[in-house]
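Here is a quick tour for someone opening this structure for the first time. Keep the view at hand and look up each spot as you read.

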Amino acid sequence: MSLGYWLLNVRLESGYRYEDGRVSGTETEICHIRIENGKIAQIVTDAPPQTGNLPVLDARQLLMLPSFKEMHIHIDKTYYGGPWKAVKPFTSIFGRMEEERELLPRQLPTAQDRAEKMLDLMLGFGSTHIRTHCNIDPMIGLKNLEATMRALETFSGKISYEVVAFPQHGLLRSQVVDLARQAMRQGATFVGGVDPATVDENIEQSLQTIMDIAVEANAGIDVHIHDRDHLGMFTMQRLAALTEEAGWQGRVTVSHAFGFAGVPQGAVAELAERFAALGISITSTVPTGAVTMPIPLLHDKGVKVELGNDSITDHWSPLGIGDNLEKAGRLAEIYRYIDELPLSQALGFITGGRTPLNRDGQRVWPVVGDEASVVFVHASCSAEAVARRAKRQAVMYQGNIVSGTL
């Protein structure tokens, strides 16, 4: 059907409604969209078009939104799809790593099947792009990567994806530098790392090695940095310096970036401006409790902040449902995005920055030529969809319905 058809009765946002100089609501209109070769070819806003011999789908006035991006997940090690199991209590990351020495080899026979179940879950919630981290370690070598790549292949034509070669036990600490290089030759698209200070115990060597592998493979970088306060800030400052030296602008992500939490706003703002200038993005799970990330300040300074679920019922956490719209709603709750404008703009945290309306209320999505990867939801506007975690009716990837029905 993606070769050419009409999508009738689609609800699109058309502008903001104002009261006393502030945004008080969102206006929508019913449109008709012609899809050709996986892209939006025509948008009609008046009477229904003459559809000719092209097939027709009726969206029944459902709201159409850009599909979501799950930017931090570990599909290679999960209990999802198997029996319920809560986690064993550990006091540090090192206890959890020790648990993996026995657990990961035992999980290998079910790794692909459970990864596929996770992909299906996230797709149903509207995520058509997945960035997954995949363990590269001495116990399993590249076997988790192989299982992950097979799982992703079964979703060919339904999602796009990125794979991070992730040395959970430390790139230097577990001596997997050569394995990481092999992983890049076998399908991984990003070089990962974890806490160059506390895990690898050598910030400079760890970051330089990550950068060296990325440059050799012409690949991106995505580093977990959980370290707090001065240690975390210093690590991120060094990563920024190496990014500039290597000319790797726009190709580096810091996952978690907890160093930004709890430090003076001036220090956050200074490093945030450097990240923005270098195109270094941050992926967050929108943590609650002891860690409160300054996401609004980072965003205001021009840092691209995207969201991910991280764990879905695995040995690190029994929590998580795989729904990025729920993550956007949580962000709205924590940072008091409770009026129409910030609620509607919060959608951009899970769509790669795409929102139907810009802050001035002009429609900027969809436009002719955009990829027809969309989500149809039971909501009147983006703000309601975020606030109410609207039900997803159907998910479309490159013009084809890949989950749900219309």
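## Ala147, tucked away

Ala147 counts as buried, because its relative accessibility is 3% and the cut-off for buried is under 20%. You'll find Ala147 in helix 2. Bear in mind that what you're looking at is a predicted model.

Who are the neighbours of Ala147? Leaving aside residues within four places in sequence, Ala147 is in contact with Ala111 and Gln112. Arg173 is another story: 26 residues separate it from Ala147 along the chain, and the two C-alpha atoms are 24 Å apart.

## Helix 1 against helix 2

Those contacts of Ala147 belong to a meeting of two helices. On one side, helix 1 brings Leu108, Ala111, Gln112, Ala115, Glu116 and Leu119. On the other, helix 2 offers Lys143, Asn144, Ala147, Arg150, Ala151 and Leu152. Sort the residues of this contact by type and you get seven nonpolar, two polar and three charged.

As for geometry, helix 1 spans residues 93-124 and helix 2 spans residues 143-153. Their axes come within 9 Å and cross at roughly 40°. The crossing of this pair is right-handed.

## Helix 4 against helix 5

Now move along to helix 4 (residues 203-217) and helix 5 (residues 229-246). Here the axes come within 10 Å, with a crossing angle of roughly 35°. Helix 4 passes helix 5 in a right-handed crossing.

Which residues meet here? From helix 4 come Ile203, Glu204, Leu207, Gln208, Met211 and Val215. They meet a set from helix 5 made up of Leu231, Phe234, Thr235, Arg238, Leu239, Leu242, Thr243 and Ala246. By type, the residues of this contact are nine nonpolar, three polar and two charged.

## Acidic residues out of sight

Take a look at Asp323, in the loop between strand 13 (305-307) and helix 8. Is Asp323 buried or exposed? With a relative accessible area of 4%, Asp323 is buried. Beyond its neighbours within four places in sequence, Asp323 is in contact with Phe125, Asn309 and Arg392.

Glu326 sits in helix 8, which covers residues 324-334. Glu326 is buried too, yet has no salt bridge. Arg330 is the nearest side chain of opposite charge, and it lies 4.1 Å away; Glu326 misses out because a salt bridge has to be within 4 Å. Not counting residues up to four places away in sequence, Glu326 touches Ile321 and Arg389.

## Backbone oddities

Two residues have a positive phi although neither is a glycine: Asn37, at about 50°, and His256, at about 75°. Asn37 belongs to the loop between strand 2 (22-36) and strand 3 (39-44). His256 is in the loop between strand 11 (252-255) and helix 6 (265-278). Asn37 is exposed, with a relative accessible area of 58%, whereas His256 is buried, with a relative accessible area of 5%.

Where does the backbone have a cis peptide bond? Look at the step from Trp365 to Pro366, where the bond is cis and omega is near -5°. Pro366 is in the loop between helix 9 (340-345) and strand 14 (374-377).

Technical notes
Residues numbered from 1 in each chain as written. Predicted model: local features only at pLDDT ≥ 70, side-chain atom pairs only at ≥ 80, totals over all residues. Heavy atoms only, no water. Helix = DSSP H or I, 4+ residues; strand = E, 2+ residues; numbered from the N terminus. Buried < 20%, exposed > 50% of the residue type's maximum accessible area, 1.4 Å probe, protein only. Lys, Arg positive; Asp, Glu negative; His and termini not counted. Contact = heavy atoms within 4.5 Å. Axes fitted to C-alpha atoms, helices over the stretch in contact; angles between N-to-C directions. Left-handed = near helix turned anticlockwise from the far one by under 90°. Nonpolar A, V, L, I, M, F, W, Y, C, P; charged D, E, K, R; others polar.
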